[in-house]
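I set out to record what the model shows about enclosed and open spaces, and then about the fold as a whole. The entries follow in the order in which I looked things up.

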Amino acid sequence: MRTARALWGATHPGPSLVVTALALALGLAAGLEPWRLLVLVLAVFAGQVSVGLSNDAIDLFRDATVGRSDKPLVRGDTRLRTAWVAAFVSLAVAVTLSAVLGGGMLLAHVVALVSAWSYNAGLKATPASLVPFLVSFGIFPSLATLSASDPQPAAVWATLAGAVLGAAVHLTNVLPDLDDDRRTGVRGLPHRIGAAASVLLAVAATVVAAVAVLFGSLADGAPVAAMIPFALVVTLLAAAVVIRMRRRGADRAGFRLVMTAALVLAIQLVAASALS
């Protein structure tokens, strides 16, 4: 049980569950059959587990150097080898389940996972650190639509919304670790442009996502009165990121607010699908 708890803690459970919930919402919006929806959710969850475990496994030395005692691998709650085995098993499960849903879904999910793993493996320390988030989150809405019996890529507006939300996630997630990252040689885009510029870009990206989903929902026939409140909530969440960062500095709250905005937009898509 100790090993299981340690491995779960190393998956970045909060973000993993949020992304899985996003997959569920997108699957519902796409009108997937129950069995397809279940396989999609399990595939995305397994993929997120593999990404989280690989991140903590690769960063073990860095985390230990800066004293990240909140990390199970740093505390020695489980062995590094065990984490790697679990990461690759989870990756294999994600790929296998994706194949069940068809070649399009398999290809899209593999690209998204390779992109995410490439961030963990080294892109995080380069000016291109934003690229894996643009790619993986941009592809993400298509995982649901490609899982349907009549597979199709997601609409352009949904892809845009996913990509810019991915940018906001990256820009806010790394802010609390900027100083520790610099000590261990990690200098991604947020480190180079600074915290203030990162926050402004993240807020702008979140608002762009809200606008894209709003116009996309309206284009699909959803009523204006039902869609506007969602866009307003997301805009307020974006504003809350700025206010929080100015008052408390760089902490995890900005990242959580952006993830909440992503969930609100996913719920909007479900509502738009039901009302169209």
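**Cavity**

I looked up the largest cavity in this predicted model and found a volume of about 190 Å³. Its lining comprises 15 residues, and those closest to its centre are Leu-26, Pro-141, Gly-162, Leu-165 and Ala-262. I then asked which helices supply at least two residues each to this lining. They are H2, H8, H9 and H14. H9 provides the largest share, five residues. By class I recorded 14 nonpolar residues, one polar and no charged in the lining of the largest cavity. I also checked how many cavities of 30 Å³ or more the structure holds, and the count is one.

**Second largest pocket**

I turned next to the second largest pocket, for which I noted a volume of about 350 Å³. It is lined by 16 residues, and nearest its centre lie Ala-29, Thr-145, Trp-157, Asp-220 and Leu-269. Which elements give two or more residues to this lining? I found helix H2 (13-29), helix H8 (131-145), helix H9 (156-173) and helix H14 (253-275). I note that H2, H8, H9 and H14 also each supply at least two residues to the lining of the largest cavity. The lining of the second largest pocket divides into 11 nonpolar residues, four polar and one charged.

**Largest pocket**

For the largest pocket I recorded a volume of about 1,200 Å³. Its lining has 50 residues, of which His-12, Pro-15, Asn-55, Asn-173 and Phe-255 are the closest to its centre. By class I noted 22 nonpolar, 14 polar and 14 charged residues in this lining.

**Chain as a whole**

I then looked up the secondary structure and found 14 helices and zero strands. Is the chain as compact as a globular protein of its length, or less so? The radius of gyration is 18 Å, close to the 19 Å that the globule rule gives for 276 residues, so I entered the chain as being as compact as a globular protein of that length. Along its principal axes I noted a C-alpha trace spanning about 55 × 45 × 30 Å.

What share of the 276 residues counts as buried? I recorded 50%, with burial taken as under 20% relative accessible area. For the accessible surface I noted about 12,300 Å², with 69% belonging to carbon and sulfur atoms. Last, I looked at contacts with a separation of 6 or more, and 75% of these are between residues 24 or more positions apart.

How values were computed: Residues are numbered from 1 along each chain as its sequence is written. This is a predicted model: local features need pLDDT of at least 70, side-chain atom pairs count only at pLDDT 80 or more; totals for chains, interfaces and linings use all residues. Side-chain values use heavy atoms; hydrogens and water are left out. On a 1 Å grid over the protein atoms alone, a cavity is a set of points where a 1.4 Å probe fits but cannot get out, and a pocket is an open set with protein on both sides within 12 Å along at least five of seven lines; lining residues have an atom within 4 Å of a point. Grid points are joined across faces, edges and corners, and a volume is the space filled by probe spheres set on the points. Ala, Val, Leu, Ile, Met, Phe, Trp, Tyr, Cys and Pro count as nonpolar, Asp, Glu, Lys and Arg as charged, and the others, Gly among them, as polar. Helices (H or I, at least four residues) and strands (E, at least two) are DSSP runs, numbered from the N terminus. The radius of gyration is taken over C-alpha atoms; the globule rule is 2.2 Å times the number of residues to the power 0.38. Buried means under 20% relative accessible area, exposed over 50%, partly exposed in between (1.4 Å probe, protein chains only). Contact means heavy atoms within 4.5 Å. Accessible areas come from the Shrake-Rupley method with a 1.4 Å probe; for residues, only the protein chains shown count as cover.
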